[in-house]
Every structure is written in C-alpha cells, then in structure tokens.
Amino acid sequence: MSLPAVAPHVVADAVAALPARLRSKLDQALEKQPTWTVTTSDSGATITIDDHVTVTLTTPVDTAERAACNCLLAPRCLHRAAVLSAAPVLSTHPHHTAATGSDGTTVEAAVTTEADSAAPTATADEKATAIQTRDVIAQILEHGVAGAGAVTQADLLRAIHQARAIGLPRLATAATRVVELLRAARQSPAFRLADLTEALREVLTVSHLLISGIGDQQAARGVSRRGYSPIGDLHLYGLYTEPLRTTTGHVGAISYLTDGDSTIWSLAQARPGDGDTARNAAQASVNLGDVTISHRELDRAGIIVINAHASVDRRLSHGRTVQAVRTAGRTWYEEPADALWRQPIPEQAARWLNAFDVAQHERPAGYDLAFIDGVLAADQRGLLLQTRQLPGPVIVLAPHDDPVLPYVANLRLLAAHATGMPLRMIGRFHGPRQVHGLAVAAPWLPGRFGGHVDLGVDQLQRADLPHAGTTEPSGNDQPQPPLHLLTHHLQRVVAAGRAALVPDVDRDARALLDAQLPTAASVLNELRRAGHRRSRDAFGRLNQQDSTALAVAWLTAAAYQYIAATAVAAGSWQARGGR
C-alpha cells in the first residue's frame with residue numbers, strides 16, 4: 001500500500017528537527033522501507049516500522065501534528081522523519097490524483113484556482129526563493145544522484161513550500177518533479193536519467209529568469225492549474241489506450257478519443273500499484289457519467305457525453321454532473337479518425353515542437369502524437385516505418401522496455417514477420433525521425449483485436465502476422481550532429497556530480513569542433529572548467545560560489561543542448577525536398 005501524501009514543509013521541518021547524529025542515518029532508515037507494513041483507513045495510514053514502533057499519518061498531512069510516532073524520541077525521531085521523507089509530495093489541492101504518462105510527463109488533474117496578478121519584475125521574496133532553489137539544485141549537481149539523499153530533498157521541499165506560498169507555481173511544480181525523480185532513482189525501475197536531467201534544466205531555467213529579471217517574468221512565475229469547466233456535449237470515438245506507470249508508485253491507463261473536428265481528448269485513471277498490475281490496468285473499469293466501461297473497450301467504442309467538463313489540456317472529468325451514453329465505435333479508416341492521418345507529418349511535428357512553448361499542464365491532449373501511414377521495414381536499428389512524405393524511414397522504438405508491458409515483444413514480432421506490409425500507426429514523437437510505437441491498425445490484422453492493436457496492452461502472436469518477406473528500407477538518413485557527446489556529459493554530472501567531469505571531456509570537445517559545433521565545444525569546456533574549480537573560504541570550507549558556478553555552467557550547456565536538439569528534430573521531420 002502507498003503512503004498518504006505529505007505537505008513539503010512538514011517533511012522539511014521534521015528533517016531539520018533531527019539531531020545531527022540521526023540526520024546522518026536518515027538515508028539508511030529509508031532503505032528499510034520495503035520492510036514497513038502500511039495499513040490504510042479512511043482517516044489516514046498506520047506504518048509499522050518494527051515490533052515496537054508505529055507511525056500514524058492523519059490525512060491530509062499538512063501540519064506537523066498529523067504525523068505522530070509512538071517512540072520515546074518523538075517527534076524528533078528518525079522513524080517519523082523517514083516515513084515523511086518516503087511519502088509522496090502533497091499538492092496544493094490533495095483531493096486530486098497525479099500520474100505520469102509513458103513519456104515521463106506528469107498527468108495531473110486540474111484544480112480550480114485563479115491566475116495571480118504579478119509585477120513585471122520579480123520581487124525580493126521571489127528572487128530569494130529562486131536563489132534558495134538554485135542553491136539546492138547546485139548541491140545536487142555537486143554530488144550527483146547518489147549524494148542527493150533525504151536531507152537534500154528536504155531542503156528542496158522547503159523551497160517548494162516557499163515557492164507555493166508566494167505564488168511561483170512553475171518553480172514549485174518543476175522542483176516537485178525533481179524530488180519525485182530523485183526518489184525514483186533509488187526505488188523505481190521506471191526511472192530515466194534523461195527525465196531527471198530535463199527536470200533539473202527546467203528548475204534552473206526558471207530560477208535564472210527570476211533571479212536575473214530577464215525574459216517574460218509572468219511566464220517564469222507560471223499560472224496555477226485551472227479547473228474543469230463545462231464544454232457542452234461531445235460525441236467521441238476511441239483511438240487507443242496506453243498503460244500508465246509512474247515514478248510515484250501509481251499504475252493505470254489513459255485513453256485517447258477524438259470528436260468530429262479531429263480534436264483529441266483524454267480520459268485517465270491511476271491508482272497505487274506496482275509493475276505486476278500495470279498491464280492489466282487497461283482492463284479496469286472507468287466511470288463516465290452513467291457509463292461504466294474498461295479503457296480497452298472505450299478506445300474501440302463511441303460515447304456521447306452530455307454536459308462534458310474538461311481542463312485546459314482537454315482532459316475529461318469524471319464529475320457527477322456528467323452524463324454519457326455508449327454508442328458504436330468507428331475504425332481508424334473511418335471518419336472522424338481518418339482525418340488525423342491526412343494531416344501532413346511535418347505539420348504534426350510542428351504541433352509537437354510548438355507545444356514546448358506552453359506550460360506542461362496546459363499542453364493539449366495528444367499534442368505529441370504522430371499519425372503515420374507507411375510500410376514496415378527493419379534493419380539493424382530495429383522496426384522502421386517508411387512513408388512517402390519523408391526522405392528516410394521513421395525509427396519505431398518501445399516506450400518502455402519493462403517486460404511486464406508487451407511493447408518490446410510486439411515490436412520485435414512486427415520487425416520479424418510483417419516487413420513489407422502496409423500499416424497505420426499512432427506513435428509519440430521522440431526525436432529526430434523517431435517515434436514511440438503506441439498502437440497499429442491494418443486490414444491484415446485479425447478482427448479479434450477490434451480494429452487496432454494497443455501495443456502496450458494487447459499481445460500479438462506469430463499466427464496474427466502474415467508471411468512477409470524481407471524489405472530493405474529506402475532513402476538515406478542524413479548524418480546527425482554529435483550532440484549526444486554533450487548530452488552524455490550533462491547526464492554524467494547529474495548521476496555522479498562534479499567528479500564525473502574528469503575523463504573524456506577534451507576528446508569530446510575536439511569531436512564537437514570537428515563536427516562544426518564550436519558553441520557546443522565551448523559550453524562543454526566551460527562546464528569542465530567550472531567542474532575543476534574548487535576554492536575555500538577563510539575558514540577552510542568549500543566555497544558555495546563554486547557550486548553556483550558549476551550550476552550556471554551546467555545550465556548554459558543544457559540550454560544549448562535543448563535548443564540544438566529541438567532544431568535537429570524539426571529538420572529531420574521536414575518533407576521530401578523541404579528544408
């Protein structure tokens with residue numbers, strides 16, 4: 001069972017109250033979390049640490065009094081601090097749940113708040129909070145993931161609490177994501193170092209904008225999540241379903257639907273669970289008005305929603321005022337779904353890239369989905385999809401390599417036994433001419449799948465595929481700039497800290513120069529210089545300014561890498577003869 005969510009300041013205060021000798025043992029205490037027994041109830045949860053010690057959390061855990069331990073050292077005890085440090089972070093509105101999509105992005109229900117009016121430049125309190133957040137992130141980069149234990153996370157949680165209190169939702173959201181990923185790095189098989197690298201870049205970017213006063217200060221502050229609002233009646237048709245596997249210990253499913261205007265909507269559901277239940281989550285029932293239907297049935301059916309409510313990102317509400325009636329579904333080769341595949345692929349890629357200018361919780365559902373018609377092929381890169389619109393093939397990757405989910409097995413079967421066959425695919429844009437394969441449809445697939453195959457839910461069999469011959473991919477791929485050399489060093493610093501900047505930097509900087517990327521070589525060399533710079537103050541202590549310089553150099557390199565990679569991805573999705 002999962003722990004109740006805890007407010008950031010409650011965790012920070014509990015860790016700060018520990019004596020120094022206990023604070024140093026906090027990470028060791030957290031390693032024993034798998035041995036805890038969690039008993040939940042309507043009022044909260046009781047966590048049994050051992051035969052003599054229990055910690056009781058009363059929901060919502062937004063004050064120190066709602067977390068109690070029965071040991072003699074309470075409340076300044078290690079048991080209470082460990083339990084609070086292991087619990088999820090309580091959002092501003094705890095009655096909403098959050099989950100993470102297969103691409104790693106946060107999928108969170110919207111809440112009803114008003115956008116705060118803000119001054120054109122950051123106030124003294126806002127700058128102080130941004131500096132506080134930057135300094136904690138600098139310490140994370142100083143020591144890497146291994147050194148970012150519960151004490152460092154508590155410092156970041158205090159900064160999150162302050163950011164929420166003074167109206168910096170974008171900074172608070174980005175920092176909360178960092179805390180979740182730091183915890184996932186020690187516990188969750190779904191953790192990806194690239195996700196943490198991107199989260200750290202976002203936090204440092206926002207902090208830098210607020211501290212320096214440059215750029216759009218209102219955008220740097222962000223806008224609080226807006227609530228579900230009525231959107232009238234909708235006639236929707238299912239597209240596909242994918243499983244959710246979160247870094248916060250939730251599993252579930254998200255279904256995508258389309259209406260008569262080719263607008264995409266989503267309906268998600270997530271519950272505490274583990275990897276063993278992730279695949280079956282699509283079979284769980286979801287309620288929409290009076291209709292109770294599984295996600296897998298929903299993505300093959302039609303549904304009329306009366307008095308529909310949705311958030312700004314087109315996520316449908318399960319609210320009690322919603323009414324719904326189930327209708328017959330339509331295949332991808334019929335309207336309205338067929339119109340999604342008629343949009344040129346370069347325009348679809350532009351829609352994906354343009355969405356990065358919008359706050360993550362305001363990006364519309366399906367902004368990153370690719371609707372591609374093509375012919376299957378395969379080579380040493382794996383499964384490929386050849387389309388007449390692009391000069392080279394699209395590489396199809398698995399969103400997850402977890403064997404619990406059938407993505408990898410399904411893609412391997414298609415690569416081995418379906419090459420040369422026409423196929424219609426829904427993918428998620430992933431990089432330069434790369435997509436994550438999510439669902440496929442073809443006239444030659446068996447009818448038992450109901451019109452299409454959800455690659456993360458349905459299991460293909462060898463008998464489902466034709467006896468196709470080997471097809472060599474046509475078209476030549478343009479050589480890509482070696483930005484991966486810079487990305488490699490950015491992620492090494494995140495993983496191991498300053499010490500990771502010793503080997504291979506000079507060699508990779510020369511390789512970037514040889515590839516006509518002088519700016520990439522320059523930012524990498526500056527990152528190396530900042531990593532080697534160590535000084536001490538008059539008392540012999542390591543200088544905090546050196547950590548700040550490392551964070552600034554890392555952000556400079558990460559910002560360049562992000563913009564350059566976006567430009568490369570945009571160019572790779574241009575049509576034949578395009579630039």
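**Strand pairings in a predicted model**

Let me start with one pair of strands: β10, residues 285-288, and β11, residues 291-294, run antiparallel and are joined by 4 bridges. Before I go on, please keep in mind that this is a predicted model.

Staying with that pair, Asn287 has Thr292 of β11 as its bridge partner. The two strands form a hairpin with 2 residues between them, and in that hairpin Gly289 has a positive phi, near 65 degrees.

Which residues of β10 are on the covered face, and which on the uncovered one? Val286 and Leu288 make up the covered face. Ser285 and Asn287 make up the uncovered face. As background, side chains in a regular strand alternate between the two faces of the sheet. So Asn287, which pairs with Thr292, belongs to the uncovered face of β10.

Now to the N-terminal strands. Strand β1 covers residues 37-41 and strand β2 covers residues 44-48; they are antiparallel, with 5 bridges between them. The connection from β1 to β2 is a hairpin of 2 residues. Within this pair, Val38 sits opposite Ile47 of β2.

What does β2 pair with next? Strand β3, residues 54-58, pairs with β2, again in the antiparallel sense and over 5 bridges. Here the hairpin from β2 to β3 has 5 residues. Ile47 turns up again, this time opposite Val55 in β3. To put the two pairings together, Ile47 stands opposite Val38 and also opposite Val55 in β3.

Next, the chain as a whole. There are 17 helices and 19 strands in the protein chain. Its radius of gyration is 25 Å, close to the 25 Å that the globule rule gives for 579 residues, so the chain is as compact as a globular protein of that length. Along the principal axes, the C-alpha atoms fill a box of roughly 70 × 60 × 50 Å.

How much of the chain is buried? Of the 579 residues, 51% count as buried. On contacts, take the ones between residues at least 6 apart in sequence: 66% of these join residues at least 24 apart.

Last, the surface and the charges. The exposed area of the protein chain is about 25300 Å², and carbon and sulfur atoms supply 52% of that. The chain carries 53 positive and 55 negative side chains. The centres of those two sets are 4 Å apart.

That is all I have on this one.

Key: Residues numbered from 1 in each chain as written. Predicted model: local features only at pLDDT ≥ 70, side-chain atom pairs only at ≥ 80, totals over all residues. Heavy atoms only, no water. Rg over C-alpha atoms; globule rule 2.2 N^0.38 Å. Buried < 20%, exposed > 50% of the residue type's maximum accessible area, 1.4 Å probe, protein only. Contact = heavy atoms within 4.5 Å. Areas by Shrake-Rupley, 256 points an atom, 1.4 Å probe, with all protein chains shown as cover. Lys, Arg positive; Asp, Glu negative; His and termini not counted. Charge placed at Lys NZ, Arg CZ, Asp CG, Glu CD. Pairing = 2+ DSSP bridges.
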